[in-house]
Amino acid sequence: RFGCRILCRLLEFCGSKDATLRLVDEVLVEAEDLCCHSFGHHVAQCVLEHGEEHHRSRVAAALCSDPLGYAHHRHASYLIETALDYCSQQDKDVLLMQLAHPATIVQLALHPFGCFVAQAILQHPKTDAAAALAQIRGVQWQLEETKHGRRFLEELGLGAPSSEVSDVSSERSAR
């Protein structure tokens, strides 16, 4: 539990030292498992933010092995968002090629953890946001039925603010 914080601080403050680089190389041998681990994903996120380019590419390769699975995962979904900010353009393009299809964005939006990834993808300039938003409007009623869906729609400017939604649901239950 605390070891992940130590590795994160090493990456932040001693990331270019040979010993730290070797340690990160060893940790990333199991990058796929690290991305999904409740504490290990913090280390993977620090690698994306502070690591060497070859280390970021290793984490990106792990995420690209099953991008939809990682985007739906409680811990790994953060890493997809971070990778879209910090990875090389080539790694970003590979992730976007697999996740930026309008139907995939809708699938992500319908998921409690994927909705955050969907938001990040919609903000990316290489995404056809108009096509994705058209498909999102087609499932808007499904999104309005869940807390994460309502929040997602509100962030996009497609839904009522949360307080209005709770007022409406209170009125319905009073009837």
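Visitor: Before we look at any helix pair, what does contact mean here?
Guide: Happy to start there, and please keep in mind that this is a predicted model. When two residues are said to be in contact, they have heavy atoms within 4.5 Å.

Visitor: Thanks! How many helices and strands does the protein have?
Guide: Reading along the sequence, you meet the pattern α-α-α-α-α-α-α-α-α-α-α-α-α-α. The C-alpha atoms fill a box of roughly 65 × 35 × 20 Å along the principal axes. The count is 14 helices and zero strands.

Visitor: Which residues of α7 meet α8?
Guide: Helix α7 covers residues 76-86 and helix α8 covers residues 89-99, with their axes 9 Å apart. On the α8 side, the partners are K92, L95, L96 and L99. On the α7 side, they are I80, A83, L84, D85 and Y86.

Visitor: Is α7 oblique or roughly parallel to α8?
Guide: The two helices pack at an angle of about 135 degrees. Angles under 35 degrees count as roughly parallel, over 145 as roughly antiparallel and 65 to 115 as roughly perpendicular, with the rest oblique. The angle falls in that remaining class, so α7 is oblique to α8.

Visitor: And is the crossing of α7 and α8 left-handed or right-handed?
Guide: The residues of this contact divide into seven nonpolar, no polar and two charged. As for the hand of the α7 and α8 crossing, it is left-handed.

Visitor: How is α7 set against α10, roughly parallel or roughly antiparallel?
Guide: Helix α10 spans residues 114-123, and its axis comes within 9 Å of that of α7. The two cross at roughly 10 degrees. Because angles under 35 degrees count this way, α7 is roughly parallel to α10.

Visitor: What classes of residue make up the contact of α7 with α10?
Guide: From α7 come S77, I80, E81 and L84, and from α10 come F116, V117, A120 and I121. I80 and L84 also appear in the α7 contact with α8. By class, the contact of α7 with α10 has six nonpolar, one polar and one charged residues.

Visitor: Let's turn to the interior. How much space lies in the largest cavity?
Guide: The count comes to one cavity of 30 Å³ or more. The space in the largest cavity is about 30 Å³.

Visitor: Which residues line the largest cavity?
Guide: Helices α1 (3-14), α2 (18-27) and α4 (40-50) each supply at least two residues of the lining. By class, the lining has six nonpolar, no polar and no charged residues. They are L7, L11, V24, V27, V43 and V47.

Notes: Residues are numbered from 1 along each chain as its sequence is written. This is a predicted model: local features need pLDDT of at least 70, side-chain atom pairs count only at pLDDT 80 or more; totals for chains, interfaces and linings use all residues. Side-chain values use heavy atoms; hydrogens and water are left out. Axes are lines fitted to C-alpha atoms, for helices over the stretch in contact, and angles run from 0 to 180 degrees between N-to-C directions. Helices (H or I, at least four residues) and strands (E, at least two) are DSSP runs, numbered from the N terminus. A crossing is left-handed if the near helix is turned anticlockwise from the far one by less than a right angle, and right-handed if clockwise. Ala, Val, Leu, Ile, Met, Phe, Trp, Tyr, Cys and Pro count as nonpolar, Asp, Glu, Lys and Arg as charged, and the others, Gly among them, as polar. On a 1 Å grid over the protein atoms alone, a cavity is a set of points where a 1.4 Å probe fits but cannot get out, and a pocket is an open set with protein on both sides within 12 Å along at least five of seven lines; lining residues have an atom within 4 Å of a point. Grid points are joined across faces, edges and corners, and a volume is the space filled by probe spheres set on the points.
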